[in-house]
Amino acid sequence: MSFLNTFNENVRKYPDKVALEFIDPPLQRVTYAELDELVNHTEGYLQGLGLQPADRVALQLSKCLEFILLHLAAIRLGCIILPLNLAYPPDELKYFLEDSGAKLFFALESSKEKIQSILPKLPDLQKCVFINPAEPDEFQLLITDYQLHSGFDTSLKEHSGLLNHQSPISNPSDTAIIIYTSGTTGRPKGAEITHGNLKSNLDALHTAWGWRPDDILLHVLPIFHVHGLFVALHGALNAGATTLLMREFDARKTLQTLVDRRCTVFMAVPTIHNRLLDVPDAKNFDLSHLRLITSGSDRLPDEVFTGFQQTFGHTLLERYGMTETGMNCSNPLHGERRIGSVGMPLPGVEVRIVNSETEEILLDGEIGDVQLRGPNVFKGYWRQPDKTSASFSADGWFKTGDLGFREKDGYITLCGRSKDLIISGGLNIYPPEVERVLMEHPAVNACAVIGCLDKEWGEKVTAVVVLNQDESVSGEELIRFCRERLAAYKSPKSIVFRNDLPRNAMGKIQKAELRKEVC
Ligand code: MLC
């Protein structure tokens, strides 16, 4: 069973209900029946391009209807979608396309010049299609014209009922999506998320959060991550609800829309919640009709939790998830939403807290490694069996890399990370990736990248750099150097120069020490 089966049922149940509405230009609104028809056309178009089940289709697009159509159509065909952050520069992009062996790549017309040079270097890539979401009619033409250039006859398919949801619906263990995540060693790895993972997690969240067909979700997140794609967009489509999509987050417009459009559900990361609180007349926006406001992707600071209660009279519902597992824990819809806690495991998800060295299970209240098991846990890293097995315990539990403890009544609290990881504005950044780039600069002798606590971003990427003797380079130059090679959000926001770095007897840089000194 795929989540698309539920979507198909919703098409039958609520054909005339608005499924998606883009609330900023180009304004677009589609009902469930229209969305289904557009997905069907897109499916035919993709088939016309020769796509086969399990082929990889990469999308590096802005938040637009075209993205959603390609995403749903390719998944319905049994292909594997690769959603890519728009911030990836050509170097990083080339790696993702190459590693995944993507056969088709959809990119923005506006990035054509920047990325064109990498395309001939990709042996598996058969076609790159550039899209301009500011001109939605162009895409409509492309997908409705496919019969002409592909010989694929929709009328036949329609006639035989094939268009109506008879497309290959995949097995639960088939990979539906690959999302790249960085790690403490080596290049980023593609987490393979299956149809079964998506469906089980959607079902768990549907129950836990009481999704309803009359819900109206305001969607302000990017759609190339787990949060915006699986939890928010899939969640609403799975429920037969209406999603209002804001193409780029704007704090005041968010508050205004929540009020004007009588939204019932809103999901965001702490940086976004914090920006809502910073809107000067935030208190004047009456959000009392919202039934659910969630927070995730990063630790929710206590000030934001209480700030929301004081300003909007809402208790944020914090939940815990990650790319490899989807959602793991959630505070309850009804019952205590505990400050500082990520709540309890979702239905079907098991959490255990173990000693880092011995993997012995710890008692309530004791801090240890958080490990998970359940139908939400991903299949493995794409073509990386060693990294896959290293991320599981001997008895098959996924090692999250988070540290935490369980309270007597079952609530889980996270309190740090065993992995070297920075979370900034809800995005994960692995310091070794940034350090590797800095070390490529001829003036850099040694460096350490750390996250300093920051009100705006949660953590701010900070690089501590030791230069080679007789070399000089400014912090701005080093930041520019990183931004040419890495997504801007991963690049350091500040550089601190030092004569040396604190190291232990083994020569390992002591980052905890550095954080105390520098942050
Ligand atoms: C943008 N910038 C960031 C950043 N986002 N820097 C650090 N961390 C970030 N997260 C930088 C840009 O490079 C740019 O730099 C400047 O900030 C402004 O860019 P912008 O695009 O205008 O930013 P803005 O629109 O303000 O974006 C901020 C944001 C966005 C908070 C709205 O980051 C965001 O949508 N975050 C959510 C990410 C998310 O969905 N995470 C879920 C992952 S899934 P300059 O110098 O060029 O101006 C996951 C699993 C789970 O973690 O459990 O959910």
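Here are a few exercises on this predicted model, each with a worked solution.

Some ground rules before we start. Local features need pLDDT of at least 70 and side-chain atom pairs count only at pLDDT 80 or more, while totals for chains, interfaces and linings use all residues. Numbering runs from 1 along each chain as its sequence is written, and side-chain values use heavy atoms, with hydrogens and water left out.

**Exercise 1. Work out how many helices and strands the chain has, and what its radius of gyration says about its compactness.**

Step one: tally the DSSP runs, taking helices as H or I of at least four residues and strands as E of at least two, numbered from the N terminus. That gives 17 helices and 25 strands.

Step two: get the radius of gyration over C-alpha atoms, and set it against the globule rule, 2.2 Å times the number of residues to the power 0.38. The chain comes out at 23 Å, close to the 24 Å that the rule gives for 519 residues, so it is as compact as a globular protein of that length.

Step three: add the box. Along the principal axes, the C-alpha atoms fill roughly 75 × 55 × 50 Å.

**Exercise 2. Find what share of the residues is buried, and what share of the contacts joins residues at least 24 apart.**

Step one: call a residue buried under 20% relative accessible area, exposed over 50%, and partly exposed in between (1.4 Å probe, protein chains only). On that basis, 57% of the 519 residues count as buried.

Step two: take contacts as heavy atoms within 4.5 Å. Keep those between residues at least 6 apart in sequence, and 66% of them join residues at least 24 apart.

**Exercise 3. Track down backbone oddities at Pro 26, Arg 262 and Asp 470.**

Step one: recall the norm. Most residues other than glycine have a negative phi, and most peptide bonds are trans.

Step two: check omega. Pro 25 and Pro 26 are joined by a cis peptide bond, with omega about -10°; Pro 26 sits in the loop between strand E1 (18-22) and strand E2 (28-31).

Step three: check phi. Arg 262, not a glycine, has a positive phi of about 50°. Its place is the loop between helix H11 (251-260) and strand E11 (265-268), and it is exposed at 54% relative accessible area. Asp 470 has phi near 65°, lies in the loop between strand E24 (458-467) and helix H16 (475-485), and is exposed at 81%.

**Exercise 4. Locate the cavities of 30 Å³ or more and say what lines them.**

Step one: set up the search. On a 1 Å grid over the protein atoms alone, a cavity is a set of points where a 1.4 Å probe fits but cannot get out, and lining residues have an atom within 4 Å of a point. Grid points are joined across faces, edges and corners, and a volume is the space filled by probe spheres set on the points. The search finds two cavities.

Step two: take the largest, with about 130 Å³ of space. It is lined by 16 residues, and Asn 197, Leu 198, Asn 201, Phe 230 and Gly 326 are the closest to its centre. Helix H9 (195-209), helix H10 (226-239) and strand E14 (326-330) each give two or more residues, with H9 supplying the largest share, five.

Step three: turn to the second largest, about 40 Å³. Its lining is Gln 28, Leu 65, Glu 66, Leu 69, Pro 136, Phe 139 and Gln 140.

Terms used: On a 1 Å grid over the protein atoms alone, a cavity is a set of points where a 1.4 Å probe fits but cannot get out, and a pocket is an open set with protein on both sides within 12 Å along at least five of seven lines; lining residues have an atom within 4 Å of a point.
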